[in-house]
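Here are my notes on the model, set out as numbered points for you to check against the coordinates.

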Amino acid sequence: MLRLLIVDDHPVVREGLRGMLEADPEITVVGEAASGDEAVVRAGELRPDVILMDLRMPDGDGVSATSRILAVRPESRVIVLTTYETDQDIVRAVEAGAAGYLLKDTSRADLLAAIASAARGETVLSPSVATRLVTRMRAPVSDSLSPREAQVLSLVAVGLTNAEIGKALFISETTVKTHLLRVFGKLGVSDRTAAVTTALDRGFITR
């Protein structure tokens, strides 16, 4: 059973998400918060596995709250759920440690799948967000991966999560995510599976 915390400054949004998600037998909504500051307190009290985090709220925005929560509770996974998809917002959220960035027009099925993926330590992005990141970070396709990027992707290829890769390489999970985003940009892909397949095809990594 996944323990979920919903953070949004609009009561109607929180109620809608709670009703939609609690219908899934694998999820229990352990609480709600209406601001960034409240989210930090509630995360410490309730110890959720996954946090759905609004981006722009009073009393501490979602990026600041994400950073503060993960500083004391790194095992929680934060998924930003917002209507905003500017490059600056996306990059700030990822750098703060968010495991995902979804838009509020995401379907229930996709949201449930994203929550499950984030709980497993995977990064989840709305398709339009992934496209923006790939475009922002794209490099010429002839560019090879750096030694560290290839090392990270090789560990992805054998099935390790971001957290496991961080422990194996003695780097933070956020650094692992940053390396993967750069890999996605260089290879022109938007997910881990495609990155591994493309890198193998080009000889950047080996099995």
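1. The contacts of arginine 192 deserve a first look: leaving aside residues up to four places away in sequence, this residue touches Val156, Leu160, Thr161, Asn162, Leu180 and Phe184, where contact means heavy atoms within 4.5 Å. Arginine 192 belongs to helix α10 (residues 192-202); helices (H or I, at least four residues) and strands (E, at least two) are DSSP runs, numbered from the N terminus.

2. Please bear in mind that this is a predicted model, in which local features need pLDDT of at least 70 and side-chain atom pairs count only at pLDDT 80 or more, whereas totals for chains, interfaces and linings use all residues. Residues are numbered from 1 along each chain as its sequence is written, and side-chain values use heavy atoms, with hydrogens and water left out.

3. Which side chain of opposite charge is nearest to arginine 192? It is glutamate 122, 5.8 Å away, and arginine 192, although buried, has no salt bridge. Here buried means under 20% relative accessible area, exposed over 50% and partly exposed in between (1.4 Å probe, protein chains only), Lys and Arg count as positive and Asp and Glu as negative, with His and the chain ends not counted, and a salt bridge is a side-chain nitrogen of Lys or Arg within 4 Å of a carboxyl oxygen of Asp or Glu. The side chain of arginine 192 does reach the backbone oxygen of leucine 160, at 2.9 Å.

4. The strands β2-β1-β3-β4-β5-β6 form, in that order, an open sheet of 6 strands with parallel pairing, two strands being paired if DSSP finds at least two bridges between them. Strands β2 (27-33) and β6 (124-125) stand at the edges with a single partner strand each, so one side of each is left without a neighbour in the sheet.

5. Within this sheet, β3 (residues 50-53) and β4 (residues 77-82) run parallel and are joined by 4 bridges, with leucine 52 opposite isoleucine 79 in β4.

6. Lysine 104 forms a salt bridge with aspartate 8, the closest N and O atoms being 2.8 Å apart. That pair links distant parts of the chain, 96 residues apart, from the loop between β1 and α1 (11-21) to the loop between β5 and α5. Lysine 104 also forms a salt bridge with aspartate 54, at 3.5 Å between the closest N and O atoms. Lysine 104 is partly exposed at 31% relative accessibility, whereas aspartate 8 is buried at 2% and aspartate 54 is buried at 4%.

Note on methods. Polar contact = N/O pair within 3.5 Å; in protein donor to acceptor, adjacent residues only side chain to side chain.
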